[in-house]
Each structure stands twice: as structure tokens, then as C-alpha cells.
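Dear colleague,

Please find below the structure for your review. My notes on what was found in it follow.

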Amino acid sequence: MSKKLKKNVPQLRFPEFEGDWKESKLNKLINLISGQHLSPNEYSLEIGEVPYFTGPSDFTNQVEALTKWTALSDKSGQQGDILITVKGNGVGEMLMLKLPNVVIGRQLMAIRPITVVGEIVYYKLFNYKQELQALASGNVIPGLSRSALLNIKIYLPNIAEQEKIASFLGAVDTRLNQLRRKWEILQTYKRGVIQKIFSQKIRFQDANDSPFPDWEKKKLREITKINQGLQIAISDRLTYQVEGSYFYITNEFLKPDSQTRYYILNPPKRVICEKDDILMTRAGNTGQVVTDVVGAFHNNFFKISYDRNKINKKFLLEFLRRYTTQHKILSLAGTSTIPDLNHDDFYNLEIFIPVSVEQEKIANFLTAIDCKIEILTRQIDQTEQFKKGLLQKMFV
């Protein structure tokens with residue numbers, strides 16, 4: 001691929017193509033199919049005639065992941081359409097449809113390519129998501145109108161170049177989907193293995209291939225000690241780090257896309273956690289487990305100190321994160337507006353503990369799986385960044 005610097009020509013381009021790209025409005029390139037609202041008695045959660053998508057949370061091309069079904073109607077998307085969210089907080093979320101047909105709800109529209117390669121419209125709008133959200137009107141529920149969509153202007157090359165671009169980016173998407181699928185399979189495998197390990201359906205053996213002793217039942221109060229963090233008013237927090245300040249670990253820190261960072265000055269020693277410590281949320285999104293972070297922690301957290309001579313850190317982490325433990329923690333925290341786990345309920349949680357050598361074998365086995373997951377995570381991130389760069393450079 002060569003670089004061109006002409007007007008209306010992308011930065012990256014296949015060498016066999018030349019000439020400026022031409023501007024067109026979407027209304028000359030596509031048809032738009034609006035969605036419809038179905039009452040609960042008009043669709044089923046059982047397998048039916050065609051899938052029914054009410055919003056972006058239903059987006060999938062995997063038949064086994066479909067959750068709603070209904071009868072075919074003229075308010076349906078078909079294979080090759082682009083489903084786009086036009087109402088609600090997910091405005092601009094899209095799916096390139098590979099299923100034969102899907103009935104769509106009012107939150108969605110189907111973009112049907114007429115005189116354009118559909119993948120080109122998809123990739124262009126994917127790169128235009130922030131602008132789509134800005135176009136959405138409405139104070140309470142954002143909405144993207146038909147006219148706003150149809151009046152969007154895009155630059156296009158001829159069909160042959162469109163097809164070449166679509167094929168190239170499609171290969172990148174295929175690679176990305178393969179990596180994500182491997183990541184999901186490995187996560188599912190790890191969850192299954194953890195359940196079998198902690199239910200003792202999988203056991204390890206010693207150096208002489210002999211079984212280890214039976215696991216010993218204990219309560220967490222016998223091997224751990226917990227203390228709550230410190231609640232600091234927002235007005236007393238810093239948004240930058242200075243001498244004597246510590247990163248303030250709050251529930252906000254747990255949000256994947258959060259850019260907010262707070263610091264507090266001279267916190268007491270009891271609320272400072274080091275990288276090897278374990279934190280767990282006790283209120284709000286109760287049960288989330290955090291480690292490998294340094295700072296002072298909020299009152300919504302427990303710091304879990306543990307006897308390293310009795311329990312391996314990795315073993316304890318996986319016990320706290322496993323589905324069965326999380327379910328128990330959430331049930332103990334209650335169903336009030338803000339679930340809250342008290343000290344005694346945490347201390348009374350029961351754990352079966354193997355001897356230290358078997359704990360270490362379990363920890364090493366699970367760490368090896370985590371390393372593979374981390375490698376896949378990095379590959380996914382790198383491929384996403386590669387795709388993002390291509391979308392910026394291959395389009396006008």
C-alpha cells in the first residue's frame with residue numbers, strides 16, 4: 001500500500017488505485033428500515049421463526065447466543081444490512097448482520113446498502129461514532145433521526161476499490177474475532193477448572209505421585225483479618241499527585257473506562273495497601289476483588305490481610321473470585337439499594353484448604369492459564385489499535 005497526499009484521497013491506499021474519492025450523501029447509497037415495538041406476547045424466549053433484537057445488548061451473529069424470537073415481518077434486517085442503534089444511550093452502536101433475517105425493535109434501524117459496498121458504510125460509520133452521538137437529539141432519551149442519518153456525507157472510491165478495502169479490513173476483523181473467541185474459550189475453561197478444583201473433583205499429587213492429605217475446612221476468620229478504608233469527601237481529594245499523597249482507590253477505579261483519579265494527603269497507615277495486599281468491595285458493587293495496586297482505599301473496601309504460612313495468595317484470590325463464593329457474598333450483602341457485607345458475614349465464610357504444597361501447585365496451574373489469557377488480551381488490544389489506525393488512514 002502506498003501513501004497519497006492529494007485532496008480527498010486517503011493517507012493509505014492500495015497502489016493499483018488512483019484518483020480522488022467522490023462525496024455522496026447516504027440517501028443516495030442506502031435504504032433505511034425502521035424498527036417496531038413488539039409486546040411481550042408477540043415474541044418468545046424459546047426458539048422461533050426469526051430472532052428479535054430490541055437493542056444493542058442483543059447484537060450477535062452467533063445463533064447459540066440468540067435470546068428472543070418472533071415471526072418474520074417487513075420491519076426486518078437481512079444478511080448484509082448494518083443494524084444501528086438510533087435511540088437511547090447506545091446511539092451509534094452497530095452490527096454488520098450475518099444472520100439471514102432479524103426483526104428489529106424501535107431502538108434500531110437497518111441500513112441496507114444499495115449502490116455501495118456495505119462494509120464501507122459500516123467502517124465509515126464505525127469511525128464516525130462520536131459524531132453520530134452528537135447528532136442524536138432529545139434531552140431525556142437521545143435519538144438519531146432518519147434525516148440526520150440520510151444526510152450524512154461520506155467520500156467514496158469506485159466499487160473495485162471499495163471491495164478491496166472491505167476485504168482487507170474484513171480479514172483484520174476475522175483475526176480480531178478469532179482472538180476474542182480464543183479468549184472467551186480460555187475464560188470458560190478456567191471457570192470450569194476452578195469449580196472442579198475447589199469442589200475437589202480435580203486433585204494434584206505430590207512428587208511421588210501420591211495424593212495429598214484431605215483439605216481442611218476453616219472459616220475465613222481463622223486465616224484472615226479485615227479492616228475498612230477511609231471515606232474522604234470529594235472536596236478534600238486532590239486530582240493530581242503531590243508529595244505525601246496517595247492514590248485514592250474508590251469504586252470509580254473499578255470501572256474499565258474511568259479516567260478519574262483522586263489522591264489524598266497523609267492517610268493513616270491502616271488504610272494504605274501495598275501491591276501484594278488484597279482488597280474487596282464491601283458495599284455497592286459488593287464482592288469485586290482487587291490486587292496489585294498501591295494506594296489508600298475507600299470505606300467501601302475491605303483490606304484482607306492473610307497468614308501467608310497458612311494460605312497462598314493466588315489460592316485465596318481464586319476462592320474469593322469463584323462463582324460460588326461470589327454468589328454467597330452477594331446473598332449475604334442483601335438486596336437493599338446499596339448492598340453491604342458486614343465483617344461477621346465475611347469472617348464466617350467457609351473455605352476448604354489443602355496443604356501448602358498442593359496450594360502452590362494449584363496456584364501455579366491457574367497462573368499459567370492467566371498468562372495465556374494475558375497474552376491473548378494484549379494481542380486483542382494490539383489488533384484493535386491496528387484496526388483503529390487503519391480506519392483513520394484508509395478513509396477520507
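**Packing around Phe395**

In this predicted model, Phe395 touches Pro10, Trp21, Ile120, Tyr123, Lys124, Ile165 and Leu169, leaving aside residues up to four places away in sequence. Phe395 is also one of the two residues, together with Leu149, that have the most contacts inside the largest nonpolar core, a set of 40 residues. The element that gives the most to this core is helix H1 (residues 118–126), which supplies five residues. A second core is separate from it and has 39 residues, including Tyr306, Phe319, Ile353 and Ile380.

**The chain as a whole**

The chain has 396 residues, of which 44% are buried. Its secondary structure consists of eight helices and 22 strands. Along the principal axes, the C-alpha atoms fill a box of roughly 70 × 55 × 45 Å. If one takes the contacts between residues at least 6 apart in sequence, 70% of them join residues at least 24 apart.

**Surface**

The chain exposes about 21900 Å², and carbon and sulfur atoms supply 49% of that area. On the surface, Tyr240, Val242 and Leu265 make a nonpolar patch of about 280 Å². Of these residues, Tyr240 is found in the loop between strand S14 (224–228) and strand S15 (245–249).

**Salt bridges**

The structure holds 22 salt bridges. Three of the pairs are described here, followed by a network.

The first pair to note is Lys164 and Glu16, whose closest N and O atoms are 2.5 Å apart. This pair links distant parts of the chain, with Lys164 in helix H4 (residues 159–198) and Glu16 in the loop between strand S2 (12–13) and strand S3 (22–25), 148 residues apart. Lys164 is partly exposed, with a relative accessible area of 33%, and Glu16 is partly exposed as well, at 46%.

A further salt bridge is formed by the side chains of Asp276 and Arg308, with an N to O distance of 2.8 Å. Asp276 lies in the loop between strand S17 (272–273) and strand S18 (278–281), and Arg308 in the loop between strand S21 (301–306) and helix H5 (313–321), so this pair ties together parts that are 32 residues apart in sequence. Asp276 is partly exposed, with a relative accessible area of 36%.

Another salt bridge joins Asp340 to Arg282, and here the closest N and O atoms are 2.8 Å apart. Because Asp340 lies in the loop between helix H6 (323–333) and helix H7 (343–347), while Arg282 lies in the loop between S18 and strand S19 (289–291), the pair ties together parts that are 58 residues apart in sequence. Are the two partners buried or exposed? Asp340 is partly exposed, with a relative accessible area of 36%. Arg282, by contrast, has a relative accessible area of 8%, and since buried means under 20%, Arg282 counts as buried.

Finally, salt bridges that share partners join Lys190, Lys314, Glu318 and Asp370 into one network.

With kind regards

Notes: Residues numbered from 1 in each chain as written. Predicted model: local features only at pLDDT ≥ 70, side-chain atom pairs only at ≥ 80, totals over all residues. Heavy atoms only, no water. Core = buried A, V, L, I, M, F, W, Y, C linked by side-chain atoms within 4.5 Å. Buried < 20%, exposed > 50% of the residue type's maximum accessible area, 1.4 Å probe, protein only. Helix = DSSP H or I, 4+ residues; strand = E, 2+ residues; numbered from the N terminus. Contact = heavy atoms within 4.5 Å. Patch = residues over 30% accessible without salt bridge, like charges linked within 9 Å, V, L, I, M, F, W, Y side chains within 5 Å. Areas by Shrake-Rupley, 256 points an atom, 1.4 Å probe, with all protein chains shown as cover. Salt bridge = Lys/Arg side-chain N within 4 Å of Asp/Glu carboxyl O.
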